[in-house]
Amino acid sequence: MIKIGVFGASGRVGKLLLENIKDEKDMSLSTVFVRSSLDFSIDPSVLVTSDMHSFLNGCDIVIDFSLPEACETLLEEAIKTPKPLVIGTTGLSPHQINLLKQASEIMPVLYATNMSLGVALLNKLVYQASAALDGFDIEIVEMHHRHKKDAPSGTALTLSESAASGRGLDINKVRVSGRDGNIGERTEDEISVMALRGGDIVGRHTVGFYNDGEFIELNHTATSRSTFSKGALRAANWLSDKEAGLYSISDCLEID
Ligand code: NAD
């Protein structure tokens, strides 16, 4: 039985993780990290703690859906007390990504800005389309609920990287994430990533390839957040016996 520690348990995705884990036969919830206390009841066999050391020691693998600053603290502590990590938090800064890479040198780390099978496949399709549709303008639009804090979404940024690599471009040189004012014509290589926020939208991503006379749009819509929590559990099961290293959701799903 793999003992799972959940970091970010009182959040939208975290709460679903606690529910979904009950249906797993090879995994059980062992520890939950809290900043103060939980505002809901939990099985008394689960260690609920605000002590990071006890949290890490009480589980075999950690699943994190929190906030970038919280994830940073987790990574710093995990470097001292190594544990396999499934990281789902988005909006990580370059420093936090470096910490994640550093952690992956001493423990297995799976980092995915989107844990769904559909988005993993979408990234592959976007790479292929970007390479094949030479000269088409690439525009990405993402929509999320009103509470989302980071923009553009981690998923949209990953999709933009897939699109850029399909063209042999460096996304940091071609990404545009907002247009306003007299900005001039669209440049050939730019890849735009636009964020819309409202209501309770779980997550919608559209990658469009636009040319004179035709366009293609590839769209993924998440209709339930349990897509992410169940995906993270599948990832944890897969990661638990892996060597140290940085893994992606495509590695776990074996999508080529
Ligand atoms: P949320 O705001 O509902 O939950 C955040 C959680 O982090 C809460 O439990 C909160 O208590 C905890 N937290 C905040 N600061 C903390 C700290 N300093 N120390 C410890 N815990 C802290 O957010 P959410 O909608 O559940 O999303 C969480 C993260 O996961 C976001 O970054 C979101 O973008 C990302 N996300 C990823 C995927 C994916 O598939 N990878 C899917 C959905 C959301």
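This section describes the sheets and helices of a predicted model and the contacts that connect them.

The first sheet considered is open and consists of seven strands, arranged in the order β3-β2-β1-β4-β5-β6-β12 with parallel pairing. Its edges are formed by β3 (47–49) and β12 (245–247); each of these has a single partner strand, so one side of each is left without a neighbour in the sheet. From one strand to the next, the twist averages 20°. At the β12 edge, strand β6 (residues 108–111) runs parallel to β12 and is joined to it by three bridges. Within this pair, Val109 has Leu246 of β12 as its bridge partner. Helix α4 (residues 94–103) lies across β5 (85–87), β6 and β12, and its direction makes an angle of about 145° with β6.

The second sheet is also open; it contains five strands in the order β8-β9-β7-β10-β11, and its pairing is mixed. Strands β8 (175–176) and β11 (214–222) are the edge strands, each pairing on one side only. In general, the strands of a sheet pair through backbone hydrogen bonds, in either a parallel or an antiparallel manner. Both arrangements involve strand β7. Strand β7 (residues 137–144) is connected to strand β10 (residues 203–211) by seven bridges, and these two strands run antiparallel. Ile140 has Val207 in β10 as its bridge partner. Seven bridges also join β7 to strand β9 (residues 191–197), but here the strands run parallel. The bridge partner of Ile138 in β9 is Ile191. Strands β8 and β9 likewise run parallel and are joined by two bridges. Arg175 stands opposite Ile191 in β9.

Helix α5 (residues 117–132) is associated with this five-stranded sheet: the helix lies across β7, β10 and β11 and runs at about 165° to β11. At 1.5 Å a residue, the 16 residues of α5 should span 22 Å, and the separation of 23 Å between the end C-alpha atoms agrees with this expectation. The buried residues of α5 are Val119, Ala120, Leu122, Asn123, Val126, Ala129 and Ser130. These buried residues pack against β7, α6, β10, β11 and α9 (249–253).

The packing of α5 against helix α6 (residues 154–166) brings the two axes within 7 Å, with a crossing angle of roughly 30°. Helix α5 is therefore roughly parallel to α6. The crossing of these two helices is right-handed. On the α5 side, the contact involves Val119, Leu122, Asn123, Val126, Tyr127, Ser130 and Ala131. These residues meet Thr155, Thr158, Leu159, Ser162, Ala163, Ser165 and Gly166 of α6.

Ser160 is also located in helix α6. With a relative accessibility of 1%, Ser160 counts as buried, because the cut-off for burial is under 20%. When residues up to four places away in sequence are not counted, Ser160 touches Ile140, Ile171, Arg175, Ile191 and Val193. Several of these contacts recur in the strand pairings described above. Ile140 is the bridge partner of Val207 in β10, while Arg175 stands opposite Ile191 in β9.

Helix α8 (residues 226–239) comprises 14 residues and reaches 19 Å from its first C-alpha to its last, close to the 20 Å expected at 1.5 Å a residue. Ten of the 14 residues of α8 are buried, so the helix is largely enclosed by the rest of the structure. The buried residues are Ser226, Phe228, Ser229, Gly231, Ala232, Leu233, Ala235, Ala236, Trp238 and Leu239.

Helix α8 packs with helix α1 (residues 12–20) at an angle of about 60°, the axes being 9 Å apart. Helix α1 is therefore oblique to α8. The crossing is right-handed. In this interface, Val13, Leu16, Leu17 and Asn20 of α1 meet Ser226, Phe228, Ser229, Lys230, Ala232 and Leu233 of α8. Among the α8 residues in this contact, Ser226, Phe228, Ser229, Ala232 and Leu233 are buried.

Note on methods. Residues are numbered from 1 along each chain as its sequence is written. This is a predicted model: local features need pLDDT of at least 70, side-chain atom pairs count only at pLDDT 80 or more; totals for chains, interfaces and linings use all residues. Side-chain values use heavy atoms; hydrogens and water are left out. Two strands pair if DSSP finds at least two bridges between them. Helices (H or I, at least four residues) and strands (E, at least two) are DSSP runs, numbered from the N terminus. Contact means heavy atoms within 4.5 Å. Axes are lines fitted to C-alpha atoms, for helices over the stretch in contact, and angles run from 0 to 180 degrees between N-to-C directions. The expected span of a helix is 1.5 Å times one less than its number of residues. Buried means under 20% relative accessible area, exposed over 50%, partly exposed in between (1.4 Å probe, protein chains only). Angles under 35 degrees count as roughly parallel, over 145 as roughly antiparallel, 65 to 115 as roughly perpendicular and the rest as oblique. A crossing is left-handed if the near helix is turned anticlockwise from the far one by less than a right angle, and right-handed if clockwise.
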